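User: Hi! Could you walk me through this one? I'd like a quick tour before I set anything up.
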Amino acid sequence: MGVQIGREAMRKRELALFEALPDAEVTLTPFMVADDRLALVAVLSGTFTAPLVLADRVIPPHGRPITTHFAAHFIFKDGLATHEEVFFDTAVLLPSYGQDEG
């Protein structure tokens, strides 16, 4: 999902994700915390029911439940997150090859 800098960019990414997976559940596991840094791994699960709008493309929904692991790194300034970088496998959102509809 790339790097988001600033409050609005981070908010936009979060909204896009929760619009695409309205029943999303996230389980967070911090693995490094410092004065101005946070790194975590997490599991995201939900039903992919609306398009996921990314910076470089739009992934159409397939209506199926998904589960994926992701990692995130945050930088803080004055107690607020200023940078966020998220890594996850978007392939779980894509339709399977050879799968017939109907």
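**Surface and fold**

Analyst: Happy to. The protein chain exposes about 6700 Å², with carbon and sulfur atoms supplying 58% of that area. Keep in mind that this is a predicted model.

User: Good to know. How many helices and strands are there in the protein chain?
Analyst: There is one helix, along with seven strands. In sequence order the pattern reads β-α-β-β-β-β-β-β.

User: And what share of the residues is buried?
Analyst: Buried residues account for 29% of the 102 residues in the protein chain.

User: What about contacts between residues 24 or more positions apart?
Analyst: Such pairs make up 53% of the contacts with a separation of 6 or more.

User: Can you give me a pair that is far apart in sequence, with the distance in space?
Analyst: Sure, take Met10 and Ala81: they are 71 residues apart in sequence, and their C-alpha atoms are 8.9 Å apart. Met10 sits in helix α1.

User: Is Met10 buried or exposed?
Analyst: Met10 counts as buried, because its relative accessibility is 9% and the cut-off for buried is under 20%.

User: Any other pair that involves the helix?
Analyst: Leu15 also belongs to helix α1. Leu15 and Val53 are separated by 38 residues in sequence and by 9.7 Å in space, C-alpha to C-alpha. Leu15 is partly exposed, at a relative accessible area of 38%.

User: Switching topic: which residues make a nonpolar surface patch?
Analyst: Phe18, Val26 and Leu28 form one of about 260 Å². Phe18 is in helix α1, which covers residues 7–20.

User: Why can Phe18 be part of a patch?
Analyst: Patch residues need over 30% relative accessible area, and Phe18 qualifies on that point because its value is 37%, which makes it partly exposed.

User: Okay, pockets. What is the volume of the second largest one?
Analyst: The second largest pocket has a volume of about 170 Å³. Its lining has 14 residues, and the ones nearest its centre are Arg13, Glu14, Val26, Leu28 and Phe70. The elements giving two or more residues to that lining are α1, β2 (25–33), β3 (37–47), β6 and β7 (80–88).

User: Which element gives the most to that lining?
Analyst: That would be α1, with four residues. Two of the names may ring a bell: Val26 and Leu28 lie among the residues nearest the pocket's centre, and they are also in the nonpolar patch with Phe18.

User: Nice link. How many salt bridges are there?
Analyst: The count is one. The side chains of Asp36 and Arg37 form it, at 3.7 Å from N to O.

User: How accessible are Asp36 and Arg37?
Analyst: Asp36 is partly exposed at 34% relative accessibility, and Arg37 is partly exposed at 32%.

User: Last stop: where is Thr68?
Analyst: Thr68 is in strand β6, residues 65–77.

User: What does Thr68 touch?
Analyst: Setting aside neighbours within four places in sequence, Thr68 is in contact with Ala42, Val43, Leu44, Phe88, Asp89 and Val92.

User: Is Thr68 buried or exposed?
Analyst: Thr68 counts as buried, because its relative accessibility is 6%, against a cut-off of under 20%.

User: Great, thanks for the tour!

Note on methods: Residues are numbered from 1 along each chain as its sequence is written. This is a predicted model: local features need pLDDT of at least 70, side-chain atom pairs count only at pLDDT 80 or more; totals for chains, interfaces and linings use all residues. Side-chain values use heavy atoms; hydrogens and water are left out. Patches are made of residues with over 30% relative accessible area and no salt bridge: like charges are joined within 9 Å, nonpolar side chains (Val, Leu, Ile, Met, Phe, Trp, Tyr) within 5 Å. Accessible areas come from the Shrake-Rupley method with a 1.4 Å probe; for residues, only the protein chains shown count as cover. A salt bridge is a side-chain nitrogen of Lys or Arg within 4 Å of a carboxyl oxygen of Asp or Glu. Buried means under 20% relative accessible area, exposed over 50%, partly exposed in between (1.4 Å probe, protein chains only). Contact means heavy atoms within 4.5 Å. On a 1 Å grid over the protein atoms alone, a cavity is a set of points where a 1.4 Å probe fits but cannot get out, and a pocket is an open set with protein on both sides within 12 Å along at least five of seven lines; lining residues have an atom within 4 Å of a point. Grid points are joined across faces, edges and corners, and a volume is the space filled by probe spheres set on the points.
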